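Work through the exercises below with the sequence and the structure open. Each task is followed by a solution in steps.

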Amino acid sequence: MRRAWIPLALIPLSLAPTAFAGDAGTRTLFGKEVAEAAPLSEQEAEARRLGFEALLEERGWVREDDVIGPPELFADAPPGVQAAWEQPPHRATIFLNFFGGEMSSGTNASLMQSSCIQGKVKYPGFSSSETKALAIIQTFQTKLEPYGVRVAYEEAPPPELPYQMVMMGGQPGVIGLPNGVLGVSCSSDCGDQWWRDTTFAFTEASGQSGVLATTALQEAAHAFGLAHIDGPSHIMYPYATTGDKVWADGCTVYNAATGGINCKPTHDIFCGGGSQDDNAELLAFFGVNSPDTVPPTVMITNPATDQNLEIGADVTIEAEVSDDYEGVGWKIEIYQNDVLVDERPAFNGETKWSAGGLPEAVYRFRVQAIDHDRNIGADERTIIVGNPPVMGTDTDTDGTGTDTGETTGDASASASAGTDATDGSAGTTGGMDVDDKGCNCRSDGGPVGGGAALLGLVGVLGLAGRRRRG
């Protein structure tokens, strides 16, 4: 865990006043309610500490300062000359979650998951002022401005957009860590191969916005795969010193004073061994910052539009998604008689789905993609199952001359019958797969949506949970 090493004279003894707005007793930030959690009793804190240690033991993970993961994450690079970095850069978004909320175990930030979490935890939000929150946000925006990384903070991005989340609140004991810890990453993958990590900055552990900002930024960078290096002026220095910090520009030796070095094989690609070049890696992962005004391109290749199928038919939906920058995300929506009955983000890059046992209705399948500048592209296909009445047609069955538009079919039953797949629990929860390059990549779970009755995955095209071309 990151060590608090700061001259006491520079640190206030208490945090700035809490920002209150709205009804008495309700705390808000940026106009949104902030979650609060009752302080842990000594017994509860001890139970969480023991539970966290048991969690690591069960997984065979190790804790190396503020980076937690399998031992392979901290292994030395294999001997020999390292290959050049060949992965294309991708755009990214970091969501600074000042609001807290209920968290569970897993690896998908969009689902409020973290592999640090035991069971379900009500995680508290940021307890200090909006002014202090804005100072932290400004640090993120300034330090990430050279790279293709966007910073969100007023609300979570759409779940289909791959984004990293930093929890900005609480004490380390909330997840079972000891006092004195300022931040932690249980989600470090080398070269930012998985794009939905969650990290923590324990904002109750320090009262200085500069220290909080640098801590949060370092934990986010650990999730990209960056490690600790020498130099008190560097963001990746393992101790929380004061002052303006920068990314190291040029190969800088590791600092293993507080624990092992993660992702050495990746750093060796850029520096040849024993050191890390923050700037070179960030440019390789995210590219140079520039505006993105071009929306993603989506093309549904199956089914053909205006098909007429028998009642109970099965349909496979296939799509191709592309963009001028990697990092795009997408989702599928199914409308039954113009009622949305299923919506699922493609968390693992799936581009093939199955809708089975369709009752009589008109169905519209929509695949919609979004990039990190929030440009949207989409494609749709419509099919007819059975012989449903055409919606909005003129009917005059009683001779009165009255026009009535009818919508038939069992849309409401289908929509309400399938709401049991909203937590992404079908896949790996909190697991890490480590490839032969030391990259810790997670694939996370099944889809989520409002109506699981119709839709099921039949295939995943691309690299599930690893780098994929949009």
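The exercises concern salt bridges in this predicted model.

**Exercise 1.** Find which parts of the chain the salt bridge between arginine 364 and aspartate 338 ties together.

Solution. Start with the contact: the side chains of arginine 364 and aspartate 338 form a salt bridge, with 3.5 Å from N to O. That distance falls within the 4 Å cut-off. Next, place the residues: arginine 364 belongs to strand E21 (residues 361–370), and aspartate 338 sits in the loop between strand E18 (329–336) and strand E19 (339–345), so the pair links parts 26 residues apart in sequence. Last, aspartate 338 has 52% relative accessibility and therefore counts as exposed, the cut-off being over 50%.

**Exercise 2.** Decide whether arginine 344 and aspartate 342 are buried or exposed.

Solution. The two side chains, of arginine 344 and aspartate 342, meet in a salt bridge at 3.0 Å, N to O. Both residues are buried, which means under 20% relative accessible area.

**Exercise 3.** Place the salt bridge of glutamate 380 and arginine 366 in the chain, then name the network that includes these residues.

Solution. The N to O distance between the side chains of glutamate 380 and arginine 366 is 2.8 Å. Glutamate 380 is in strand E22 (residues 376–385) and arginine 366 in strand E21, so their salt bridge ties together parts 14 residues apart in sequence. Through salt bridges with shared partners, one network joins Glu160, Lys331, Glu333, Asp338, Glu343, Arg364, Arg366 and Glu380. Glutamate 380 counts as partly exposed because its relative accessibility is 30%.

**Exercise 4.** State how many salt bridges the structure holds.

Solution. The total is 14 salt bridges.

Technical notes:
Residues numbered from 1 in each chain as written. Predicted model: local features only at pLDDT ≥ 70, side-chain atom pairs only at ≥ 80, totals over all residues. Heavy atoms only, no water. Helix = DSSP H or I, 4+ residues; strand = E, 2+ residues; numbered from the N terminus. Buried < 20%, exposed > 50% of the residue type's maximum accessible area, 1.4 Å probe, protein only.
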